[in-house]
Amino acid sequence: MSVKIDFDGQVLNCRLNGEIDHHTALPIRLETDDRIENCRPEKVILDFSDVTFMDSSGIGLVMGRYKLLSQFGGSLEVTGLSNNSYKVMRLAGLDRIATIQKGVKLNGNK
Amino acid sequence: MVINEFRMTFDSRSINEGFSRATVAAFTAQLDPTVEEINDIKTAVSEAVTNCIVHGYRNTVGKIYIGVKIHNDNKIVITIRDRGCGINDIKKAREPLFTTLGGDRAGLGFSVMESFTDKLSVRSKVNSGTTVTLTKMINGREK
């Protein structure tokens, strides 16, 4: 599975990994939406620390979760972005709807 | 002047998105690009190939044709072509956030291709297919 999800009662932490494109985004989306709907978290963290590649499908992933969360007042945080992922997110203006943070990558992907 | 060239053809199955961008990136590695330049190329190619799959061959599987030319001035020209449904209004299709699909598609494919390369051109004919040409200069690491 390309997403590992933990819930502590308030925060739903979704740790994504591998490459995010149109092909891989679908199972990630189904899995996270299922957990969001069941847990109704106050906050969702999408952690991109282990993501090695992302195209605009990652934007759709963030926007779609934002829409779902805003239906019941949850907030969204995006963390651990590589330079490349950050560039894609900024292009879409996602810094306006979610807290977006670049992360320190330890695997050499600058 | 073109100094090296590569072509490939593959089925428009979404599992090939990762394979195709990695292959193009591997071919361009001979220009000694930076990590950022490699990522730019992979991202732009991924958008173009995804468009062929989700738009060009929407409910069917067809062939996607990619050609990569390396010029002697460190310019790479990548063409991604399908024989799918074509684009009715290219100007509209290139507008940021415009999408005919909805759902989780952000409508930013062409915007990403534009900002991650130096030049994007799109030619298309309805019921005949679409060709996207991406041009990028590879400056590489400071030599």
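Here are some short exercises on a predicted two-chain model, each with a worked solution.

Residues are numbered from 1 along each chain as written, while chains are lettered from A in the order in which they are written. Because the model is predicted, local features need pLDDT of at least 70 and side-chain atom pairs count only at pLDDT 80 or more, while totals for chains, interfaces and linings use all residues.

**Exercise 1. Describe the fold of chain A and set its radius of gyration against the globule rule.**

Step 1: Start with the elements, which are DSSP runs numbered from the N terminus (helices are H or I with at least four residues, strands are E with at least two). Chain A has 3 helices and 5 strands, in the order β-β-α-β-α-β-α-β.

Step 2: Now apply the globule rule (2.2 Å times the number of residues to the power 0.38, with the radius taken over C-alpha atoms). For 110 residues a compact globule would have a radius of gyration near 13 Å, and chain A agrees with its 13 Å. Its C-alpha atoms fill a box of roughly 35 × 30 × 25 Å along the principal axes.

Step 3: Finish with burial (buried is under 20% relative accessible area, exposed over 50%, partly exposed in between, using a 1.4 Å probe and protein chains only). In chain A, 49% of the 110 residues count as buried.

**Exercise 2. Do the same for chain B.**

Step 1: Chain B has 4 helices and 5 strands, running β-α-α-β-β-α-α-β-β from the N terminus.

Step 2: The radius of gyration of chain B is 15 Å, close to the 15 Å that the rule gives for 143 residues, so chain B is as compact as a globular protein of that length. The C-alpha trace spans about 45 × 30 × 25 Å along its principal axes.

Step 3: Buried residues make up 52% of the 143 residues in chain B.

**Exercise 3. How many residues of each chain are in contact, and which three of chain A supply the most buried area?**

Step 1: Count contacts (heavy atoms within 4.5 Å). This gives 23 residues of chain A in contact with 25 residues of chain B.

Step 2: Take the buried area (the accessible area, with a 1.4 Å probe, that two parts lose on being put together, summed over both). Between chains A and B it is about 2,000 Å², with 52% from carbon and sulfur atoms.

Step 3: His22(A), Lys87(A) and Leu91(A) supply 27% of the area that chain A buries against chain B, more than any other three residues.

**Exercise 4. Is helix H4 of chain B largely enclosed or open, and what covers its buried residues?**

Step 1: Of the 8 residues of H4(B), 6 are buried, so the helix is largely enclosed by the rest of the structure. Among them are Phe110(B), Met113(B) and Phe116(B).

Step 2: The cover includes helix H3 (83–91) of chain A. From chain B, it includes helix H2 (35–56), H3, strand E4 (119–125) and strand E5 (129–137).

**Exercise 5. Where do Arg40(A) and Asn127(B) lie, given their positive phi values?**

Step 1: Phi is near 45° for Arg40(A) and near 65° for Asn127(B).

Step 2: Arg40(A) is in the loop between helix H1 (22–39) and strand E3 (43–54) of chain A. Asn127(B) is in the loop between E4 and E5 of chain B.

Step 3: Arg40(A) is exposed at a relative accessible area of 52%, and Asn127(B) is exposed at 70%.

Note on methods
Side-chain values use heavy atoms; hydrogens and water are left out.
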